[in-house]
Amino acid sequence: MALIATNHLLFILEFAILVQIGVLLLLNFVDLNLNLVLFISLIASTGLALIFGFDAACLLLPMLNHHEFTHPYGPLAILFVVTSMACVSMYKDAKIRQSNFKLFLIIIIIAITIFGAIVHRDFLIMWVLGLLIGIFIISKSFRRNSRNKGTSFLSMKRILLLAGAIVAVFALMEVLAQVLNMPIISPLSRIDRMNANQFGSLQLVIDNTNLMGHNPNATYWGNESLGNSDGYISLPLTFITYFSLPFPLFYGILVTKKDVIDYFLPGIFGVGFDFGYLVLALVIIWLIIVMVVGFKALDKYRLQRERGNKKFRGREALLIGSLSAFIAQTILGFFVITRTINGSALVTYIFLSALVMAHVVTTKR
């Protein structure tokens, strides 16, 4: 069997296996104590807030190039912020002062929310969803005292307040778009683009997807199409060119025309069209396995913590953040917009799944 990938699907699989092995070794040979995990998470969250702030400035200032860092790094923001929240909850559980950390974390959350929403509207949906999932998991993990039993952070009042805040942010962005004449930040403009392209794209995919791929004549490169793994779903093109891998990229056509599927269809249609229904079914099974394994490992960590074992607190906090980010990216990528799990974002997605699955193995020493 050749070790060099001959198409996009094989390259994704080989890359995913290498990342899984690397993350598994890293997590089990580095002492992930709670203080270290909190320190890394806060530093990384601050860095991402600055990166998103720079990208927002690039969007508002026409002389600077816009990068859309929220696509590849948005899920990482959820990972590190929710991990920090879990660490703060563990400090509170151990009756350790954590007010300074909470204040700093609130500032980071506000900054990422504002900058990320300016850069991309879809990010705001994933960001809020990830925070809600993280808060829900944390509230379940720390409801062990009798005085807290039956209570949860996610009250109806808070959910309504959060929903109102999201609507207010979208309304503010629309007002700014109209005042500054910048349709690029307009939520309504984005909805109009989706309405103009989504139904035609959906018809294209449904009519031409089969068990093992798609009808070659349905692609924009005609006779050159492989009928499977044409690159609609791929790792970054720079990865492929750097390693000089032997499969076609279609360059300009791929970059411009794949947006019909990449931007305007949910990932289940993008994956199904490029790889076929069989691979789509296997991917869905894999997603379920990752989430089940993550929650099972989380239960074991919680039981150890409640028995007074402090060894796994850092790993538990990291797993809460990883699960929250993975689930949020899965929901948005597979059910809203393919771009959230494609290209550079696919690298992040594979990394998050590896962070969850790595908890299957724990070293005794």
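Before I come to the cavity, a word on classes: Ala, Val, Leu, Ile, Met, Phe, Trp, Tyr, Cys and Pro count here as nonpolar, Asp, Glu, Lys and Arg as charged, and the others, Gly among them, as polar. With that in place, let me turn to the structure, which is a predicted model.

The protein chain has 365 residues, and buried residues make up 48% of them. Its secondary structure consists of 14 helices and 2 strands. If we take the contacts in the chain with a separation of 6 or more, 76% of them are accounted for by residues 24 or more positions apart. As for the surface, the accessible area of the chain comes to about 18,100 Å², and carbon and sulfur atoms hold 70% of that.

Now to the interior. There is 1 cavity of 30 Å³ or more in the structure, and the volume of the largest cavity is about 40 Å³. Which residues line the largest cavity? The lining is formed by Thr-70, His-71, His-120, Asp-122, Phe-123, Met-126, Leu-332 and Thr-340. Two elements, helix H3, spanning 70-93, and helix H5, spanning 121-141, each give two or more residues to that lining, and H5 gives the most, with 3 residues.

Going back to the classes I began with, the lining of the largest cavity divides into 3 nonpolar, 4 polar and 1 charged residues. Under the definition I opened with, Asp counts as charged, and Asp-122 is one of the lining residues, while Phe-123, Met-126 and Leu-332, also in the lining, belong to residue types that count as nonpolar.

Note on methods:
Residues numbered from 1 in each chain as written. Predicted model: local features only at pLDDT ≥ 70, side-chain atom pairs only at ≥ 80, totals over all residues. Heavy atoms only, no water. 1 Å grid on protein atoms, 1.4 Å probe; cavity = no way out; pocket = protein on both sides within 12 Å on 5 of 7 lines; lining within 4 Å. Points joined across faces, edges and corners; volume = space filled by probe spheres on them. Helix = DSSP H or I, 4+ residues; strand = E, 2+ residues; numbered from the N terminus. Buried < 20%, exposed > 50% of the residue type's maximum accessible area, 1.4 Å probe, protein only. Contact = heavy atoms within 4.5 Å. Areas by Shrake-Rupley, 256 points an atom, 1.4 Å probe, with all protein chains shown as cover.
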